[in-house]
Amino acid sequence: MFYVYAIKSIHRSYIYVGLTENLERRFHQHQSGQNKTTKPYAPFIILHFEELPTRPESRSREIYLKSGSGKEFLKSLLDK
């Protein structure tokens, strides 16, 4: 299984979308500053995640969530 996920910085206005096979491990990497891109924005909360059976499906969903429509969907989750 593959996971497409969105994490949100607790202190800054920043949402990161990624893809992984191990969501727990990957989230820990973001939290502990092991990822160069997200390190300045830690700590995070998991805003959204989806479990998908194949990498191509996951990659397609990741691309959508990084698009304008996908970002609007993720921002709408903040209002809930």
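Is Glu 50 buried or exposed? Glu 50 is buried, with a relative accessible area of 16%, which falls under the 20% that marks a buried residue. Keep that residue in mind as you go through the views below, which come from a predicted model.

**View 1. Glu 50 and its surroundings in strand β3.** Start with the residue from the opening question, which sits in β3. The side chain of Glu 50 is joined to that of Arg 61 by a polar contact of 2.8 Å. Setting aside residues up to four places away in sequence, Glu 50 touches Phe 2, Tyr 3, Val 4, Arg 61 and Leu 65.

**View 2. The largest nonpolar core, with 11 residues.** In soluble globular proteins, nonpolar side chains tend to be buried together. Here, the members of the core include Phe 2, Val 4, Ala 6, Ile 15, Val 17 and Leu 19, along with Leu 47, Leu 52 and Leu 65. Two or more residues come from each of β1 (2-9), β2 (15-20), β3 (44-52) and α3 (68-78). A second, separate core has 7 residues, among them Tyr 5, Ile 7, Tyr 16 and Leu 23.

**View 3. The contacts of Val 4, a member of the largest core.** Leaving aside neighbours within four places in sequence, Val 4 is in contact with residues including Val 17, Gly 18 and Leu 19. Its other partners include His 48, Phe 49, Glu 50 and Leu 52, as well as Ser 58, Arg 61, Glu 62 and Leu 65.

**View 4. Helix α2, residues 55-66.** This helix has 12 residues and reaches 16 Å from its first C-alpha to its last, close to the expected 16 Å. Look for Ser 58, Glu 62 and Leu 65, which are buried. Seen down the axis of α2, the buried residues fall within an arc of 65°, so they line one face of the helix. They pack against β1, β2, β3 and α3.

**View 5. Helix α1, residues 23-31, and its two ends.** At the start of α1, a side-chain oxygen of Asn 22 comes to within 3.4 Å of the backbone nitrogen of Glu 24. Along the helix, Leu 23, Arg 26, Gln 29 and His 30 are buried. Down the axis of α1, these buried residues fall within an arc of 125°, so they too line one face of their helix. Their cover includes β1, β2 and β3. On the face turned away from the buried side, you will find the exposed residues Glu 24 and His 28. After α1 comes Gly 33, with a positive phi near 80°.

Note on methods. Residues numbered from 1 in each chain as written. Predicted model: local features only at pLDDT ≥ 70, side-chain atom pairs only at ≥ 80, totals over all residues. Heavy atoms only, no water. Core = buried A, V, L, I, M, F, W, Y, C linked by side-chain atoms within 4.5 Å. Buried < 20%, exposed > 50% of the residue type's maximum accessible area, 1.4 Å probe, protein only. Helix = DSSP H or I, 4+ residues; strand = E, 2+ residues; numbered from the N terminus. Contact = heavy atoms within 4.5 Å. Expected span 1.5 Å × (residues − 1). Arc of directions from axis to C-beta. Polar contact = N/O pair within 3.5 Å; in protein donor to acceptor, adjacent residues only side chain to side chain.
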